[in-house]
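Student: Please take a close look with me at a single part of this structure. I am new to it, so I would welcome one connected account that explains each term as it comes up.

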4 protein chains.
Amino acid sequence: MTESSIGERVFSLPLRVYIEDTDAGGIVFYANYLKYFERARTEFMRSIGFELRRGMAGNINYVVHSLELKYLRPARLDDLIQVHAQIEKIGRTYLVFQQWVTDENGQSLVTAWVKVACVNFDTAKPRALPSELMAKLA
Amino acid sequence: MTESSIGERVFSLPLRVYIEDTDAGGIVFYANYLKYFERARTEFMRSIGFELRRGMAGNINYVVHSLELKYLRPARLDDLIQVHAQIEKIGRTYLVFQQWVTDENGQSLVTAWVKVACVNFDTAKPRALPSELMAKLA
Amino acid sequence: MTESSIGERVFSLPLRVYIEDTDAGGIVFYANYLKYFERARTEFMRSIGFELRRGMAGNINYVVHSLELKYLRPARLDDLIQVHAQIEKIGRTYLVFQQWVTDENGQSLVTAWVKVACVNFDTAKPRALPSELMAKLA
Amino acid sequence: MTESSIGERVFSLPLRVYIEDTDAGGIVFYANYLKYFERARTEFMRSIGFELRRGMAGNINYVVHSLELKYLRPARLDDLIQVHAQIEKIGRTYLVFQQWVTDENGQSLVTAWVKVACVNFDTAKPRALPSELMAKLA
């Protein structure tokens with residue numbers, strides 16, 4: 001796959017909204033979208049052969065460097081949503097993801113931009129993305 | 001208090017990092033800072049006489065419209081952190097907060113910009129901030 | 001289906017352990033199994049035609065009355081687990097579930113006994129299980 | 001302090017219920033009491049000089065072995081609750097806690113019995129409680 005083709009690939013994860021995700025306002029609590037987005041990024045990486053735990057065993061961790069979110073419409077209990085992830089940019093030490101959540105009609109509920117940095121697990125210092133990952137992404 | 005003076009006020013909430021806040025990377029999970037920030041905003045509002053539940057009883061809810069976060073340094077288990085909130089802007093239907101987390105040495109760990117919209121609890125449509133709140137903030 | 005046959009039915013939900021579920025001890029945080037168990041009970045009910053939100057709209061809520069858990073072996077990041085639910089007893093105002101989590105080898109990680117009470121959403125007082133539910137379960 | 005006197009000591013932690021703790025039923029989500037109980041046990045241990053992270057650095061971890069909970073009355077958004085912990089039994093490799101939550105009128109909301117095992121951080125195998133802890137508890 002070329003860099004442009006990985007950039008065009010959209011990974012989508014269907015998720016159900018459970019009572020644990022909601023708050024007394026009757027909607028999904030705003031922090032919980034970050035859990036949904038993380039699950040989608042993790043499954044995206046798993047789909048190309050990468051697992052978080054295996055990375056940690058090799059002293060590699062991925063941490064979020066920065067993010068932006070816009071909450072457009074609330075998701076509610078029992079809703080079936082789709083959580084999407086697309087790689088916007090591949091840096092030497094980081095990945096930038098576009099992410100968004102849609103409802104069953106395809107309407108956007110939340111949009112996000114997430115920059116994930118590759119770090120040494122023990123020191124939390126930035127390090128280059130593993131070469132196998134670069135190879136898979138390139 | 002004038003608008004400029006509320007804007008100068010920094011509300012600070014001391015919090016302990018518990019095991020529930022951490023993840024297998026040994027650091028605070030990135031979504032949990034949104035919980036910390038929400039607690040600080042809530043205590044800020046409580047400190048000037050506003051409670052979320054009372055608002056909901058009056059068909060008012062506050063929902064996050066958009067946010068930006070930068071993760072500078074990780075917080076870890078047992079750390080005693082300070083979570084700060086400052087009102088940057090008061091709109092007709094929203095408030096904009098600057099928020100940040102510092103460690104025991106005063107170093108910034110996470111910085112945030114959070115826009116909170118006032119909505120009708122039942123319809124989730126925007127509505128003007130309650131006049132008593134405007135009066136307290138003005 | 002007779003009461004004994006519903007009692008014999010085991011509902012199983014496959015789940016992946018995400019970083020959000022783990023703690024700094026490298027294992028799934030003990031409270032998060034209650035989320036897993038709740039998801040399995042919810043999907044069990046959905047599989048026979050019941051949704052939580054629809055219940056709430058009809059002033060019905062289901063709340064946990066009491067539970068017992070035994071933690072036998074830890075689940076870890078990236079593990080694929082199965083969360084099981086079986087109805088042990090159908091009371092007039094409650095259901096008792098046996099629940100357990102197994103790993104990919106079928107080994108038990110956590111076992112649980114959970115009593116769920118049916119209540120009025122507004123008053124939180126116990127009420128009889130809805131007759132359609134009794135009919136489906138009987 | 002003698003064993004009987006530590007057993008008589010009740011540690012109490014005041015906590016506010018935040019929106020993150022609640023669910024669409026308008027009450028504290030049942031799993032979140034396990035977070036409250038863990039915070040109270042952690043602060044109890046800290047009050048006698050023990051920190052979780054320091055333990056982990058010395059290859060010691062504390063994991064919940066089993067628990068029982070009874071949910072008597074719901075806590076709601078903005079409630080100020082007290083979370084209590086009392087040591088019921090000190091074993092060679094474990095501690096048993098009685099725990100309960102009360103509201104502002106002192107009424108019990110949730111009661112719990114929690115057995116916490118001391119394990120090696122790396123192998124998750126049981127080990128004797130550290131001798132300094134035994135000394136403090138005895």
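Tutor: Across the interface of chain D and chain C, the rule finds eight residue pairs in polar contact, with both residues at pLDDT 80 or more; a polar contact is a pair of N or O atoms within 3.5 Å, where within protein one must be able to donate a hydrogen and the other to accept it, and where residues adjacent in sequence count only if both atoms are side-chain atoms. This is a predicted model, in which local features need pLDDT of at least 70, side-chain atom pairs count only at pLDDT 80 or more, and totals for chains, interfaces and linings use all residues, while side-chain values use heavy atoms and leave out hydrogens and water. Residues are numbered from 1 along each chain as its sequence is written, and chains are lettered from A and ligands numbered from 1 in the order in which they are written.

Across this interface of chain D and chain C the rule finds zero salt bridges, a salt bridge being a side-chain nitrogen of Lys or Arg within 4 Å of a carboxyl oxygen of Asp or Glu. The area buried between the two chains is about 2000 Å², and carbon and sulfur atoms give 66% of that area; buried area is the accessible area (1.4 Å probe) that two parts lose on being put together, summed over both. On the side of chain D that touches chain C, helix 2 (32-47) and strand 2 (60-71) of chain D each supply at least two residues, and the largest share, ten residues, comes from strand 2 of chain D. Helices (H or I, at least four residues) and strands (E, at least two) are DSSP runs numbered from the N terminus.

Counted by residues, 26 of chain D are in contact with 26 of chain C, where contact means heavy atoms within 4.5 Å. Because 100% of the interface residues of chain D are also interface residues in chain C, the copies meet through the same surface. A rotation of 180° with 0.0 Å of shift along its axis superposes chain D on chain C, with an RMSD of 0.0 Å, the fit being by least squares on the C-alpha atoms of residues with pLDDT of at least 70 in both copies. Of the residues of chain D, D:Glu68 comes closest to that rotation axis, with its C-alpha at 2.2 Å.

The two chains also share an open sheet of ten strands, in the order 1(C)-3(C)-4(C)-5(C)-2(C)-2(D)-5(D)-4(D)-3(D)-1(D), with antiparallel pairing; two strands pair if DSSP finds at least two bridges between them. Strand 1 (11-16) of chain C and strand 1 (11-16) of chain D stand at the edges, each with a single partner strand, so one side of each is left without a neighbour in the sheet. From one strand to the next the twist averages 25°, with axes fitted as lines to C-alpha atoms, for helices over the stretch in contact, and angles from 0 to 180 degrees between N-to-C directions.

Within chain C, eleven bridges join strand 2 (residues 60-71) to the antiparallel strand 5 (residues 108-120), and C:Val64 stands opposite C:Val116 of strand 5. Strand 4 and strand 5 of chain C form a hairpin with five residues between them, and C:Gly106 in the turn has a positive phi of about 85°.
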